[in-house]
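Colleague: Please take one part of this model and look at it closely, explaining each term as you use it. I would like to follow how its pieces fit together before we turn to the chain around it.

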Amino acid sequence: MSEQINMTADMDDNDKAQRQLERLQATVNRACKNVPFHRNRIQETGLSDITGLEDIEKLPFMDRTHLATHYPYGLFAVPLKDIVRIHTAPGSGTSPSISGYTKTDLMIWEKMVAGAYAEANVTDRDIILVHLPPGLANWARDYKDGGEAIGAGVIPNAPLSVAKTLMVLRDYKVTTLVSTPAFARHLTAHMFDRECHPNELNLKQIILVGEPDDGHTVTELRESLHVDVWLNYGLSEIPGPAIAYECRYHHGLHMNDDHILPEIIDPSTGRPVPTGEKGELVLTTLSARAFPLIRFRTGDMAKFFPQACPCGATSTRIEWLAEQADNYMLISGIRVSQAQVKENLKNALKMPGIRCTMEKECRAGTDMLLISLIMDDHLFSDEIKHLQQLITYAEETLTEQNGIKVKIRLIQQRV
Amino acid sequence: MLKIKNLRCCYGNIAVVHTVSLSVRQGELISIIGANGAGKSTLLAAVCGLLKNWSGEIEFKGRPLNGMSAPAIVRQGISMVPEGRQIFSPLSVMDNLKMGAYTRFKKDGKSRVAEDLDMVLQMFPILKERAGQLAGTLSGGEQQMLAIGRALMARPTLLVLDEPSMGLAPKIVEMIFSTIQDLSHSGVTILLVEQNARAALKIADRGYVLETGKMVLQGSADELLVDDDVKRAYLGKDYGDFLDERNQ
């Protein structure tokens, strides 16, 4: 009766394309019927029906500005009474981002996350600790549900200090940690500071989410903790985690492409790039009921692997690159719009204009946004206390608005 | 096993099935559900060669069915249990069953047909009891069993059933669905069209939902069983106000 987790993983290319076409047609039919935004835009293209997967290129793109424009319920494809969960995240604009889930949607996400766990060899004999920052609270819930679905013992997300997290890892005999790269690095450093040896832990695997590998974190964690490390890809706002996951060969991430159809495009032209070349990852949901996404531009850069994976699965594989296609920064899985931050900072400081630069910085296991603000005549005050209060207020406001920690550093104007 | 791509079916100039794609893999039990007039039976008629006015691709075991007659399609291995049974009322139960093997006598010979007849009569003992009785005098449930038995006599690799629960008492429906499930477990691939969404999905592996000739949903049976859209499709209701009673 029940369907396997990734149905298309063992199908040949023809069968997979057939299943994806069936789902794409149903998604577009449903979206056109129930969401005026999709109906109007698709009608404008003059496309009467989707007759092949290649027709997707004729459909218009969606991006984060559409989510903000149709806030809160304008992109929902089912009546509100069918919605059983509403996820909300800080969003990259002035309004929070929102997505809804029906019972069926939750079942599908649970299967997808359970599938990613299964690929990481997590079974009902494992104990999972989910430790994610507040901005990824939605994912924490999904990783809890997916873990419970495979019968593992799950310790849900809780705001614990790094010392207590280490105690939980050791004393509760945790075998699997779900975390961001920044926290995993911090935890490892703390462990060695406390002279805690990896042998004292039962940890077998770490599932890293939120950011691609920076080229050394995965190797360092593997070597220092003697664990296997698995990358999972997802979107923090919508629709969720485990959109792509690593198999035992750790050679790219397998897309859950019976539920999500990926494309890689040239961000400047919107045209698909040849297989193997890097571009912006664009996603179309194939089974989402409540909140269908059609050609959603993720802002993440990736490239397709042209060859089949040695694991035998035929699902599309991507290499997730540590770059962004747009004016966004990815900080612990949360996408931050630099333009929006600048605007919000200007408002918080009540200044007509500001000059600043932004970068990601990691402090005590937490990735944060560091803003270097150029001190000018408007901002300058001979009362240090007043200036300090103003900066603290701006930091708190931006932290609250973006769901990640924000620090502001004042720098001197170069003459 | 069966692959349908971009199927469009028309009665005259009126299209009733619009660019529909679906697939059935070997050994699967697939349900197509939807309200009256959604296009379910028309889709089956196209698959079984009973409707000529269609375009798109229908492929069975890798061979296109375009232009094939209904008997040729039966010879390919697709056998249909039609809506309303459509048994031969003036003929006996036994003759009805033999008619099901009409296309096989020359190819397979009488002895293999006789073996299958034994198998069908073992599966439906009531038909053995009523072997000499005129089919038109059977009860609705017995007629449905006869229609299924007749279809099985063609030794199908894909059994297609159109509304097998129609006009039957709930208890009989339960029995018929249990028989369909047994057939599925014995390895027969099944494509089932039903208005009784819940009953059909309970025994299915996967399902498709048709609404006014368009496919609007598909997925595993357990996913569809909890889906509110399925209830609406089954009841033939449309979406009301988006901000519905929850917000009132």
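Modeller: Two strands are said to pair if DSSP finds at least two bridges between them, and strands (E, at least two residues), like helices (H or I, at least four residues), are DSSP runs numbered from the N terminus. This is a predicted model, in which local features need pLDDT of at least 70 and side-chain atom pairs count only at pLDDT 80 or more, while totals for chains, interfaces and linings use all residues. Residues are numbered from 1 along each chain as its sequence is written, and chains are lettered from A and ligands numbered from 1 in the order in which they are written.

The part I have chosen is an open sheet of three strands in chain A, ordered S16-S17-S18, whose pairing is mixed. Its edge strands, each pairing on one side only, are S16(A), residues 356-363, and S18(A), residues 406-412. From one strand to the next the twist averages 30°, where axes are lines fitted to C-alpha atoms (for helices over the stretch in contact) and angles run from 0 to 180 degrees between N-to-C directions. S16(A) is joined to S17(A), residues 366-375, by eight bridges in the antiparallel sense, and within this pairing Met358(A) has Ile371(A) of S17(A) as its bridge partner. Helix H10(A), residues 384-402, packs on the sheet and touches both S17(A) and S18(A), with a direction that makes about 140° with that of S18(A); contact here asks that two C-beta atoms, placed from the backbone, lie within 7 Å.

Elsewhere in chain A, strand S11(A), residues 279-285, has strand partners of its own. S10(A), residues 260-265, runs antiparallel to S11(A) and is joined to it by six bridges, with Ile260(A) standing opposite Thr285(A). S11(A) also pairs in the antiparallel sense with S12(A), residues 296-304, over four bridges, and here Leu283(A) stands opposite Phe296(A). Seven of the seven residues of S11(A) are buried, that is, each has 20 or more other C-beta atoms within 10 Å of its own (12 or fewer would be exposed, and anything in between partly exposed).

For the chain as a whole, the secondary structure of chain A comes to 10 helices and 18 strands, and buried residues make up 49% of its 415 residues. Among contacts between residues at least 6 apart in sequence, 67% join residues at least 24 apart, and along its principal axes the C-alpha trace spans about 70 × 60 × 45 Å.
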